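Hello,

I have a structure to hand over to you, and I hope you enjoy exploring it. Could you open it first and then read my notes beside it?

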Amino acid sequence: MPEHNFIAAAFSQPHETIPIWIMRQAGRYLPQYREVRSRVSFLDLCHKPELMTKVTLQPIDIFGFDAAILFSDILIPLAHLGISVTFPNGPPKLEPPLREPADVDRLNLYDIADKLSFVLEGIRRIRGALYDRVPLIGFCGSPFTLLCYLVEGGGSKDFTETKKFIYTYPDAASRLLSLLADLVGNYLKLQINSGVQALQLFDTWGGILSPSDYSRYSLPYVQRVFELCHTEGIPRTLYLGNTACFLHLLADLNCEVISIDWRTELTLAGRQLPTKAIQGNLDPNILFAPTATVIAAARTILETMRDRDGFIFNLGHGILPQTPIDNVRALVETVHTFRR
Ligand code: CP3
């Protein structure tokens, strides 16, 4: 049996306590994170292994989560493709955006081990500082989600540029997605070689597609990424926004865990994904409710998943910056004191 309950749950193996970690657990809702950020920019923070280590460990020390997640960002590997990636106090900005097939051909392929060595060094330091208290999760964005940022030049509400691009230039889109799948798969493999003990692929924007377009523009590339980084003993998680619409496509995917959002019913996900572990799925906004409401909502999820070895408690998306700390504490305590 694996030593950490997070790893056991990810492989759907028996364990005692249900594990919990939360997406964006190292971030602005924490005063200790804001203190570090008041002295350095977000990009500098992502480039300095000693600061990455400090903020990765903050939520572990403060709340006792069952897994740590590498402090970095899904957009970091895009900067070396010849695109400027900045975070001008809020939403990211990528320049110039990719709008034509020729823009794809101009991208600069690079040596990941060399250009992203600061991330790999961060991983080694974090592992050293964790002393194996909890496992470390490495991550990257899915090829399709990264394509969205490259084509939009940042975030978007309706993703018109992304859809215009893939429907007008399907061949260029598939060239770009293949290039990104190789980049992401190789990058995750290097993260494993540097010490991460689990992986999560963020397909945050996959959910803007119809199921048939998801099968064409995202899923095959997710599959390729998971193939490239497959390593004995390292569980792979896919987070997909709007999961409910795509459950029937995910049952045979080559990964161990599916992370679902709060619009997706847990029992339905459990039925449609019989061999996968499920991660999720509290609405991050519930953490703004009175503490008793938070506890009741968490208990409902715990009761629903009580008998499933393959269950990891998480939010349905990242924690929001204004979230009250006391409710996070109450949430972790509720999960940790729950007896299966
Ligand atoms: O604690 C953790 O989860 C680890 C670190 C982490 C960050 N970003 C740090 C971050 C992880 C896993 C991510 C993933 C990420 N980044 C995703 C996928 C997950 C999701 O939320 O859907 C996406 C889409 C991004 C892109 C991104 N990075 C955006 C849209 C933004 C700006 C919006 C925002 O929340 O401010 C970022 C910046 C960012 N990444 C911050 C952090 C802590 C805030 C930066 C700051 O300190 O000012």
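Below is what was found, going from strands to single residues, cysteines and pockets.

First, how to read the values: this is a predicted model, in which local features need pLDDT of at least 70 and side-chain atom pairs count only at pLDDT 80 or more, while totals for chains, interfaces and linings use all residues. Residues are numbered from 1 along each chain as its sequence is written, and side-chain values use heavy atoms, with hydrogens and water left out.

**The strands**

A few terms will help here. Helices (H or I, at least four residues) and strands (E, at least two) are DSSP runs, numbered from the N terminus. Two strands pair if DSSP finds at least two bridges between them. Buried means under 20% relative accessible area, exposed means over 50%, and partly exposed is in between (1.4 Å probe, protein chains only).

Please start at strand β4, residues 136–141. Six of its six residues are buried, so β4 is largely enclosed by the rest of the structure. L136, G138 and C140 cover one side of β4, and I137, F139 and G141 cover the other. Strand β1 (residues 68–69) runs parallel to β4 and is joined to it by two bridges; there, I69 stands opposite I137. β4 also runs parallel to β5, with five bridges between them, and the bridge partner of F139 in β5 is Q200.

From β5 (residues 198–203) you can step on to β6, since these two pair in the parallel sense over five bridges. In that pairing, L199 has R236 of β6 as its bridge partner. Is β6 buried or exposed? Five of the five residues of β6 (residues 236–240) are buried, so this strand is largely enclosed by the rest of the structure. Its buried residues are R236, L238 and L240 on one side, with T237 and Y239 on the other. Three bridges then join β6 to the parallel strand β7 (residues 257–259), where S259 faces Y239.

**Three buried residues**

For this part, contact means heavy atoms within 4.5 Å. The residues listed as touching leave out those up to four places away in sequence.

- T204 sits in the loop between β5 and α11 (211–217). T204 has a relative accessible area of 16%, so it is buried. It touches T145, Y239, G241 and H317, not counting residues up to four places away in sequence.
- I18 belongs to the loop between α1 (5–10) and α2 (31–37), and with a relative accessible area of 2% it is buried. Residues that I18 touches include L302, F311, F313 and V335. I18 and A8 are ten residues apart in sequence, and their C-alpha atoms are 9.9 Å apart in space.
- T334 is part of helix α16 (residues 325–337). Its relative accessibility is 6%, so T334 counts as buried. T334 touches I295, A298, R299 and L302.

**The cysteines**

A disulfide is a covalent bond between the sulfur atoms of two cysteines. Here it is taken as a pair of cysteine sulfur atoms within 2.5 Å. How many disulfides does a search of the whole structure find? It finds zero.

Two cysteines show why. The sulfur of C229 has its closest cysteine sulfur in C140, 9.9 Å away, which is too far for a bond. C229 counts as buried, at 1% relative accessibility. For C245, the closest cysteine sulfur is in C148, and the 16 Å between them is too far for a bond. C245 counts as partly exposed, at 42% relative accessibility.

**The pockets**

A pocket is found on a 1 Å grid over the protein atoms alone: it is an open set of points where a 1.4 Å probe fits, with protein on both sides within 12 Å along at least five of seven lines, and lining residues have an atom within 4 Å of a point. A volume is the space filled by probe spheres set on the points.

The largest pocket has a volume of about 1,200 Å³. Its lining has 37 residues, with R24, R28, F42, D73 and F87 nearest its centre.

The second largest pocket holds about 150 Å³ of space. Among the residues that line it are T204 and Y239, along with G241 and H317; T204 touches these three residues.

Happy exploring!
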